[in-house]
Amino acid sequence: MTAHNSESSSSLDKFGLAHPPGGAPSPHPRADLVHHWVPIRDLKPHHRRRILDHLLSLNEHDRYLRFGFLAPLEQLSRYVASIDFRRDEVFGIFSRRLQLLAVAHLAAMPRGHVRGSAMEFGVSVLPEGRGKGLGLRLFQHAITHARNRGASHLVIHALAENAPMLRIATKAGATVEQFGQDAEGWLKLPKDTVATHLESSLQSLAAEAIYRVKYWTAHFSDWLRMLVSSAS
């Protein structure tokens, strides 16, 4: 962990990043939605089945945008099985009914990369979770975790037609370059601070607590329905 960044706090947003060209975020009410706190849960190896189910719920075009190719069950299964949870981090946003609406994979890139210590960000959101800023919230969450891991850059590989992903990267201030059908974005990260570590810890604890509340609420509702049905 390092000392506080010397850049003026007035020129930085809450994630320690410089505001993109154009100044502060849009005052439009829709833009304010992404600043509302969203519980983002840390996913672990025992969540592999849930992650796979989430990916299988995407249609073919959505999988194509996420991975850059049409990913059938066999390839998705291999991908999920290959996630190294000791090296990488995976985050999820759950619905009230405990459906995994959005998943982000923050993967450590090989050592000795030209841009130093970098981590790659990939995200997928189910149709019912779109339009709520979940992809942006996961990207901001990944920025904090990448900083805490000592990463100097966050990288995004996406198809040039994946406008939502590129829009998220550009909004955060990433430099995006297009190479034919592919696009690559690089976001230089500031150093970690005491605040980023504290925010990460509190976020994880709060998200886990809220998930437990959702879990018991959902199961209590199911039990109550069964009780009413058996009594009628």
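Here's a walk through the enclosed empty spaces in this predicted model. Rolling a probe the size of a water molecule over the atoms shows where empty space is left. Counting cavities of 30 Å³ or more, we end up with 2.

Let's start with the largest cavity, which has a volume of about 50 Å³. To find it in the structure, pick out P39, I40 and R41, then G92, I93 and F94, and finally A207, I210, Y211 and K214; together these residues make up its lining. Two elements each supply at least two of the lining residues: the strand β2 (89-94) and the helix α7 (194-231). It's α7 that gives the largest share, with 4 residues. As for chemistry, the lining of the largest cavity has 7 nonpolar residues, alongside 1 polar and 2 charged.

Now move over to the second largest cavity, at about 40 Å³. Its lining takes in I51, L55, R66 and Y79, along with V103, A104, H105, G122 and S124. Three elements give two or more residues here, namely α2 (48-56), β3 (100-108) and β4 (118-125). The largest share this time comes from β3, which puts in 3 residues. Sort the lining of this second largest cavity by class and you get 5 nonpolar, 3 polar and 1 charged.

So which elements should you look at to find each space? For the largest cavity, go to β2 and α7; for the second largest, go to α2, β3 and β4.

Notes
Residues numbered from 1 in each chain as written. Predicted model: local features only at pLDDT ≥ 70, side-chain atom pairs only at ≥ 80, totals over all residues. Heavy atoms only, no water. 1 Å grid on protein atoms, 1.4 Å probe; cavity = no way out; pocket = protein on both sides within 12 Å on 5 of 7 lines; lining within 4 Å. Points joined across faces, edges and corners; volume = space filled by probe spheres on them. Nonpolar A, V, L, I, M, F, W, Y, C, P; charged D, E, K, R; others polar.
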